[in-house]
Amino acid sequence: MRLLIILGAGGHTRQMLRLVELLGNDYEYHYVVADYDTLSATKIERPGPVYRVLQPREKRQGVTESVGTVLRKLPIAFRQASRILAQAQPDAIIGAGPSLQIPFAVLARIHRIPHIFIESASRPETLTLTGRLIYHLRLADRFYVQWEHHLSRYPRARYAGRLL
Amino acid sequence: MIFCTVGTTDFDPLVQAVDALAPAWDEVVLFQIGHGLYEPRNGPWFRLRPTLDDIFVEASLVISHAGFGTIIEVLSLGKPLICVPNPDRYDRHQEQILRRFAAEDYLIACFDLTELPQAVALARRKAFRPYRPPVTTLHEEIAAFLREVASRRRLR
């Protein structure tokens with residue numbers, strides 16, 4: 001089975017690499033990383049093709065100021081994502097954000113590719129914007145939170161412990 | 001060696017504050033300053049490196065921004081860590097995990113740079129709780145889900 005793992009960048013990457021380590025050798029792994037993150041790809045221990053994509057929303061930006069950037073970058077991000085899906089032909093997509101996962105989530109719905117979203121462990125209080133979008137638009141077949149108390153606000157989510 | 005690191009962004013106020021304190025400490029201070037404009041005077045510095053692991057291993061204390069990736073990396077290596085959230089960043093959410101981890105004694109959180117000297121003094125005598133990756137069954141649930149996906153596919 002071939003899994004497309006959205007590594008993202010930084011702390012998102014670390015969580016997904018722990019998951020890959022725990023999932024073990026039964027799968028074939030392909031990876032997606034943010035183009036600005038030169039580090040994430042070097043930390044991969046179960047090798048596989050690595051695809052680089054644009055991060056639609058810059059971390060420094062707030063919700064309102066990022067609208068322009070997002071509108072400009074989103075079409076490119078979608079093109080990149082569909083090219084990667086055509087190339088990788090994954091049986092499932094798994095990721096913990098950040099926003100670069102959204103185009104994959106939408107395309108997974110369209111192409112009926114099973115998609116698992118894991119909200120970052122770094123958010124014990126509030127979910128990420130990406131997480132909230134994916135939850136409310138039902139863009140994931142499985143939605144995991146890594147802090148159990150989120151379940152009261154997000155009843156369709158699941159909890160199975162924390163990766164980090 | 002004390003290692004001050006800001007990750008891939010910039011955090012001049014932290015670099016400046018540590019640089020001002022460095023002469024008072026009896027150890028070399030090494031700086032990783034990212035895209036910052038302020039260049040430290042009281043210790044060697046560099047901007048970015050592909051990995052910081054080897055430096056973390058050498059350090060007796062790490063003073064860093066509050067990126068979750070950095071926090072996990074330093075704690076996994078068992079190093080004393082002081083974390084300072086970057087108030088310039090819109091991404092204030094960093095403070096969530098910082099407060100949580102500080103409450104559990106994994107690290108020291110410093111929310112005000114004027115309190116950095118006290119934080120460093122505290123780090124020298126504090127017994128930090130060793131960080132271990134938490135126990136999870138997430139991978140088992142996901143493996144079960146993937147088995148379901150595979151069997152559904154065979155049925156089609």
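Me: Contact means heavy atoms within 4.5 Å. Which residues does Leu3(A) touch, leaving out those up to four places away in sequence?

Reply: Within chain A, Leu3(A) touches Leu23(A), Tyr27(A), Glu28(A), Tyr29(A), His30(A), Ala92(A) and Ile94(A), and from chain B it touches Leu146(B). This is a predicted model, in which local features need pLDDT of at least 70 and side-chain atom pairs count only at pLDDT 80 or more, while totals for chains, interfaces and linings use all residues. Residues are numbered from 1 along each chain as its sequence is written, chains are lettered from A in the order written, and side-chain values use heavy atoms, without hydrogens or water.

Me: Which residues have the most contacts inside the largest nonpolar core?

Reply: They are Leu3(A), Ile5(A), Leu19(A), Ile94(A), Ile118(A) and Ile142(B), in a core of 27 residues. Such a core joins buried nonpolar residues through side-chain atoms within 4.5 Å, buried being under 20% relative accessible area (1.4 Å probe, protein chains only).

Me: And which element gives the most to it?

Reply: α6(B) does, with 6 residues.

Me: Changing topic, how many residues of each chain are in contact?

Reply: Chain B contributes 35 residues and chain A 43. Together the two chains bury about 3,500 Å² (accessible area lost on being put together, 1.4 Å probe, summed over both), with 62% of it on carbon and sulfur atoms.

Me: How many salt bridges are there between chain B and chain A?

Reply: The count is 3, a salt bridge being a Lys or Arg side-chain nitrogen within 4 Å of an Asp or Glu carboxyl oxygen. One of them pairs Glu73(B) with Arg14(A), whose closest N and O atoms are 2.8 Å apart.

Conventions:
Buried < 20%, exposed > 50% of the residue type's maximum accessible area, 1.4 Å probe, protein only. Helix = DSSP H or I, 4+ residues; strand = E, 2+ residues; numbered from the N terminus.
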